[in-house]
Amino acid sequence: MTPFAPARDFLHATLEGRFAGPRQWQTATLSLQWLAEGVLALAPLDATDTLDHVLLSTGIHGNETAPIEVVNSIVNDLLAGVMPLRCRLLVMLGNPVAMRSGARFTDYDMNRLFNGAHISQPQAQEARRAAELEQLAADFFRAAPAGVQRLHYDLHTAIRGSVFEKFAIYPYTDGRPHKREQLLWLESADVSTLLLHSKPAATFSYYTSHHFHADALTLELGKARPFGDNDLARFAGIDRALRRLVSGSTPPLPAYDASRFAVFHAKYDLVKHSEQFKLHLADSVENFTALPHGMTIAEDGDIRYVADGGEERILFPNPKVGIGLRAGIVISPCQLD
Ligand SMILES: [Zn+2]
């Protein structure tokens, strides 16, 4: 018997704090494990060891509600048996404490605390949670037999609007090639803009990519709005692609053609070294806004960040971050290696 009824589903059970220790149960077709608050593992009852391992994480930032609602509705349909499951699926609602208060985070930005960085912020509830999610992700991917696909999609929405509404961040691959198949799958989710990270990061997707060689991506799917305020039609592409992925019904994807994708790489971070940091961009500036050649992007004491070449763009500008943190990324177009 499922501990969540349809009217009180996984998301609502999580928001209501109803997790009371790990438990397992079965439906007519699924084996389920409620492993931790906001963490549910699903597998077909007849699972074989050739199944792909798919991790869907969302709500790492608690106010990014649309992808939480998308994933929850997929879980509902799997539990109700209206959609088959053809993979081992681990679903994580990342930051329930922040989700309950409608906040990006309560103590510290969780997506700066993975890959061991949680040790640096022991007072933050997000640090304990990041460590817990790392462990659960590690257990999940370590159990994957050699040769099966390990996929991790970390689903977000952004603080601000974007010139390209939906985009993906491909974490640094430690030299492994970027996979065209991942871009083609993204395209099937209506995402054709990509940022390639060029160095390790304390993000969840880098953690699973680095440690378990998961094909991991951070997806930015639109603008953050409160629960109930989302126009879920704007998320139809990712909803469709994820449903096909977990139910094993992804159709053959077209051949890769670079001209269909906008690919950027990070040139450098705008680092806030002091309280004198001043960003010379409007508060309302959108992600991927072009930076004209010669423009002073930001100043920080004697440091000036000046746009060069005319093809650079700004991503994630946020002058309100703490000292020593990234207040934006300057990116430029690149070719996939
Ligand atoms: Zn986010």
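Two strands are taken to pair if DSSP finds at least two bridges between them, and in this predicted model that criterion leads directly to strand β13, where the bridge partner of Lys 278 is Glu 299. Lys 278 lies in strand β11, residues 278–279, which is joined to β13 by 2 bridges, the two strands running antiparallel.

Glu 299 also leads onward to the next strand, since it stands opposite Arg 304 in β14. Strand β14, residues 303–306, is joined to β13 by 4 bridges, and this pair too is antiparallel. Together β13 and β14 form a hairpin with 2 residues between them, and in the turn Gly 301 has a positive phi of about 60°.

Taken together, these pairings give an open sheet of 3 strands in the order β11-β13-β14, with antiparallel pairing. Because β11 and β14 each have a single partner strand, they stand at the edges, and one side of each is left without a neighbour in the sheet. As for the surroundings of β13, which comprises residues 296–300, 4 of its 5 residues are buried, so this strand is largely enclosed by the rest of the structure.

The record offers a wider frame for this region: an unreviewed UniProt entry carries the annotation "domain: AstE/AspA barrel-sandwich hybrid" for residues 261–333. In the model, that span is 0% helix and 47% strand, and its end C-alpha atoms lie 11 Å apart.

A helix elsewhere in the chain can be examined in a similar way. Helix α2 takes in residues 65–79, and because 15 residues at 1.5 Å a residue should span 21 Å, the computed distance of 21 Å between its end C-alpha atoms agrees with that expectation. With buried meaning under 20% relative accessible area, 12 of the 15 residues of α2 fall in that class, so the helix is largely enclosed by the rest of the structure. Its buried residues include the run Thr 65, Ala 66, Pro 67, Ile 68, Glu 69, Val 70, Val 71 and Asn 72, and further along α2 Ile 74, Val 75, Leu 78 and Leu 79 are buried as well. After α2 comes Gly 81, whose phi is positive, near 80°.

How values were computed: Residues are numbered from 1 along each chain as its sequence is written. This is a predicted model: local features need pLDDT of at least 70, side-chain atom pairs count only at pLDDT 80 or more; totals for chains, interfaces and linings use all residues. Side-chain values use heavy atoms; hydrogens and water are left out. The expected span of a helix is 1.5 Å times one less than its number of residues. Buried means under 20% relative accessible area, exposed over 50%, partly exposed in between (1.4 Å probe, protein chains only). UniProt positions are given in the numbering used here, feature names are shortened, and annotations may be inferred rather than shown by experiment.
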